[in-house]
Amino acid sequence: MSIVINTPNGNIGRSLVQKLLKAGHKVTVISRTPEKVADLVKQGAKWVQGSIDAQATLDAALPGAEALFWLTPSAPRPDFVEWATATGRMAAERVKAHGVKRVVLISSVGAQNGPGSGPVSSLKAIEEAFQAAAPNVVSLRAGFFMENLLRDVQGLAKTGAIFSPNPETKRFPMVATADIAAKAAGFLTDASWTGHRYVGVHGPQDLTYPEVASILTQVLGLPVKYVRVGLEDARNSMTGAGMPSWMADSFVEMYGAIQDGRMDPAEPRSKETTTPTTLAEFASTVLKPVLEQARAS
């Protein structure tokens, strides 16, 4: 199968490309920087140089493709939601123009509610654009990435705490990006599914932040506590650490959406939405080595 990957350098995209190449599929990767994908090219991937928001780049990558994997990357720009929406719609137009029949789209819990959820605000419009352009589209509505805990490494190293505005009793699905890549690979290489589908990718269980802290305590070898902070305190902490105010506003909007239930999964937990990697496994293999390095420095 001939498959185009728009984000081969991220946690999900790189794992996905390697899985597909190992399975013998023809893979085209899009990247501005050749050095970042040189190892993938050596493994057999075709490289198209350019930005995913440039029509010429997509027109170079999509001819002959049977499927497209699309992930909206984080872009450090104040107009991110508008940029992401416009880029997704343009990509959908090129999918239609080139007759690509299958799209696997990385979406998110909460996407069903559209604007008002910070970085997730663009995803409903992007889902709808691809559904209008291609006959077979699966939107993988992923839970909260376990990798996001890597942002808490300095706080864990210095204070043994995780700080967040999320209520202590709020449960949310947590998933490892490797499991999202595996789920995407399954849909990209299976030609039997048809139509437009929404599939949750929820990890093995829903967790509260105090439960996360308890698991980390057991795995990391140090006591970890959860400290809830207010939305304004979270905003001030982010801007105080050097984050641009517009980005802090976006995250605060998302935290508000979590509190209001607008980031709850639309898809119920089931055998299909449950993935294998536990938080304890992730913490042991990924988080712990990074934390140990931070504590030693």
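# Briefing on the predicted model

Serine 31 stands opposite glutamine 49 in strand S3. The chain reaches S3 from S2 by way of helix H2 (residues 34-42), and this β-α-β crossover is right-handed. This is a predicted model. UniProt, in an unreviewed entry, places the feature "domain: NmrA-like" at residues 3-282. That span is 43% helix and 19% strand, and its end C-alpha atoms lie 29 Å apart.

**Strand pairing**

- Strand S2 (residues 26-31) pairs with strand S3 (residues 46-49) in the parallel sense, over 4 bridges.
- An open sheet of 3 strands runs in the order S7-S9-S11, and its pairing is mixed.
- Strand S7 (144-145) and strand S11 (206-207) stand at the edges of this sheet. Each has a single partner strand, so one side of each is left without a neighbour in the sheet.
- Strand S9 (residues 172-175) pairs with S11 in the antiparallel sense, over 2 bridges. Phenylalanine 172 has leucine 207 in S11 as its bridge partner.

**Nonpolar cores**

- The largest nonpolar core holds 67 residues. Those touching the most other members are Leu68, Trp70, Phe130, Ile162, Val212, Leu279 and Leu287.
- Apart from this core lies another, of 30 residues. Its members include Ala67, Val104, Ala185 and Leu188.
- In soluble globular proteins, nonpolar side chains tend to be buried together.
- What does valine 212 touch, not counting residues up to four places away in sequence? Its contacts are Leu149, Ile162, Met174, Leu207 and Leu279.

**Helix H5**

- Helix H5 covers residues 123-133, and 8 of its 11 residues are buried. The helix is therefore largely enclosed by the rest of the structure.
- The buried residues of H5 are Leu123, Ala125, Ile126, Glu127, Ala129, Phe130, Gln131 and Ala133.
- Four strands and a helix are listed here as packing partners: the buried residues of H5 pack against strand S4 (67-71), helix H4 (80-98), strand S5 (102-108), strand S6 (136-142) and strand S10 (196-201).
- Phe130 of H5 is buried, and Phe130 is also among the residues touching the most other members of the largest nonpolar core.

**Serine 164 and tyrosine 255**

- Serine 164 lies in strand S8 (residues 161-164).
- Is serine 164 buried or exposed? Serine 164 counts as buried because its relative accessibility is 2%, and buried means under 20%.
- A polar atom of the serine 164 side chain lies 3.2 Å from the backbone nitrogen of asparagine 166.
- Leaving aside neighbours within four places in sequence, serine 164 is in contact with Tyr209, Tyr226, Val227, Arg228, Val229 and Tyr255.
- Tyrosine 255 is found in helix H10 (residues 245-260). Leaving aside neighbours within four places in sequence, tyrosine 255 is in contact with Ser164, Pro165, Asn166, Leu231 and Met238.
- Tyrosine 255 and glutamate 66 are 189 residues apart along the chain, and their C-alpha atoms are separated by 38 Å.

**Alanine 60**

- Alanine 60 is found in helix H3 (residues 55-61).
- Alanine 60 counts as partly exposed because its relative accessibility is 42%, and partly exposed lies between 20% and 50%.
- Alanine 60 touches Lys46 and Val48, not counting residues up to four places away in sequence.
- Alanine 60 and isoleucine 30 are 30 residues apart along the chain, and their C-alpha atoms are separated by 9.6 Å.

Conventions:
Residues numbered from 1 in each chain as written. Predicted model: local features only at pLDDT ≥ 70, side-chain atom pairs only at ≥ 80, totals over all residues. Heavy atoms only, no water. Core = buried A, V, L, I, M, F, W, Y, C linked by side-chain atoms within 4.5 Å. Buried < 20%, exposed > 50% of the residue type's maximum accessible area, 1.4 Å probe, protein only. Contact = heavy atoms within 4.5 Å. Polar contact = N/O pair within 3.5 Å; in protein donor to acceptor, adjacent residues only side chain to side chain. UniProt positions renumbered as here; feature names shortened; annotations may be inferred. Pairing = 2+ DSSP bridges. Right-handed = clockwise from strand over helix to strand, strands pointing away.
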